Amino acid sequence: MTDSSPYVPPKVWTWDKENGGAFASINRPIAGPTHDKALPVGKHPLQLYSLGTPNGVKVTILLEELLALGHTGAEYDAWLINIRDGDQFGSGFVDVNPNSKIPALLDRSGPEPLRVFESGSILLYLAEKFGAFLPKDIAGRTETLNWLFWQMGSAPYLGGGFGHFYAYAPTKIEYAIDRFAMEVKRELDVLDRCLADHEYLAGSEYTIADMAVFPWYGGLVKGWAYGAAEFLSVHEYTHVQRWADQLYSRPAVKRGRMVNRVTGEPSEQLRERHDASDFDGKPQG
């Protein structure tokens, strides 16, 4: 159905706090902190402030993969930032990420703490810091970054576009859902065609590109996102399905998906992570 009374934009837009759907309480057209709140600091060099959304999971997967390789310097504290409660607008968090989005990382291993924000920047920073999951040859590195930045540019169509209008918007708008469903299916086809010819996105090597794309598009074809698997016919993308299953079979990926998670099965939630033993008793097989 289409609206019987089409929306006509006013000459000058004004903010209506009540017209924001499921996220009306946290979305606003201005930046900066809303309250004073210092961030906690744990014992490890890397302090992560995050939530178990796809963007947050990218980073915890990489950190768990680095630890699995034996990079002890990648030990980290993962503090929960509950965006529904507005934690991202606390003064301490805004100091680390002025954009008030999770995840945000503070590296305290050097003489002065170094802030890193935006998930793609964090993945690249950690891969370069530890010399892992980013090929050193120019061709492999460039192809990895191609797909990393593909994810950064494409996922907003899946999350803020399709996911919002399909699952969260207060009104179902046929045009908006059709527009973004078409784009998401095109993106899945892009991935499917790539993975038909390659084991991983950048070729034969598992990289930060796979870790960036998996929480969004792997989660979509696994049925974890928006209750939209049937609507989008995700079974059609057989190569994406193969790749998603291959990544999900990795213990570090399973651990990374648990960190800072506050939804789903309780056994798959680890609200905060401060030591590897925090995973004891959690299913990782």
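The bend at a residue is the angle between axes fitted to the seven residues ending there and the seven starting there. The views below show a predicted model.

**View 1. Helix 6 bends at F214.** The bend is about 55 degrees. A proline, P215, follows within four residues of F214. Helix 6 covers residues 208-221, 14 residues in all. From its first C-alpha to its last it reaches 19 Å, close to the 20 Å expected at 1.5 Å a residue. Helix 6 is mostly covered, with 14 of its 14 residues buried.

**View 2. The two ends of helix 6.** At the start, T207 contributes a side-chain oxygen. That oxygen of T207 comes to within 3.1 Å of the backbone nitrogen of A209. G223 follows helix 6. The phi of G223 is positive, near 85 degrees.

**View 3. Helix 6 crosses helix 7.** Two packed helices are described by the angle between their axes and the distance between the axes. Here the axes of helix 6 and helix 7 (residues 238-248) cross at roughly 115 degrees and come within 10 Å. The crossing is left-handed. Helix 6 makes the contact through D210, V213, F214, G218 and V221. Helix 7 meets them with V240, Q241, W243, A244, L247 and Y248. F214, where helix 6 bends, is thus one of the contact residues.

**View 4. Helix 5 and its cover.** Helix 5 runs over residues 174-197 and has 24 residues. Its first and last C-alpha atoms are 35 Å apart, close to the 34 Å expected at 1.5 Å a residue. Buried residues of helix 5 include A176, I177, F180, A181, E183 and V184. Also buried are E187, L188, L191, D192, C194 and L195. Helix 4 (138-168), helix 6 and helix 7 are among the elements that cover these buried residues.

**View 5. A167 in helix 4.** A167 has a relative accessible area of 31%. A167 is therefore partly exposed, as this value lies between the 20% and 50% cut-offs. Leaving out residues up to four places away in sequence, A167 touches F162, K172 and Y226. A228 lies 61 residues from A167 along the chain. The C-alpha atoms of A167 and A228 are separated by 8.5 Å.

**View 6. N260 is buried.** N260 sits in the segment after helix 8 (251-258). Its relative accessible area is 1%. Neighbours within four places in sequence are left aside here. The contacts of N260 then include L48, S50, L51 and G52. A78, W79 and L80 are also in contact with N260. So are L270, R271 and E272.

**View 7. The loop between helix 2 and strand 3.** Helix 2 spans 91-96 and strand 3 spans 104-107. S100 lies in this loop. Its phi is near 55 degrees, a positive value in a residue other than glycine. S100 is buried, because its relative accessible area of 8% is under 20%. P103 lies in the loop too. A cis peptide bond joins I102 and P103, with omega about 0 degrees.

**View 8. E118 has a positive phi.** The value is about 80 degrees, although E118 is not a glycine. E118 is placed in the loop between strand 4 (114-117) and helix 3 (119-130). E118 counts as partly exposed, at 32% relative accessibility.

Terms used:
Residues are numbered from 1 along each chain as its sequence is written. This is a predicted model: local features need pLDDT of at least 70, side-chain atom pairs count only at pLDDT 80 or more; totals for chains, interfaces and linings use all residues. Side-chain values use heavy atoms; hydrogens and water are left out. The expected span of a helix is 1.5 Å times one less than its number of residues. Buried means under 20% relative accessible area, exposed over 50%, partly exposed in between (1.4 Å probe, protein chains only). A polar contact is a pair of N or O atoms within 3.5 Å; within protein, one must be able to donate a hydrogen and the other to accept it, and residues adjacent in sequence count only if both atoms are side-chain atoms. Axes are lines fitted to C-alpha atoms, for helices over the stretch in contact, and angles run from 0 to 180 degrees between N-to-C directions. A crossing is left-handed if the near helix is turned anticlockwise from the far one by less than a right angle, and right-handed if clockwise. Contact means heavy atoms within 4.5 Å.
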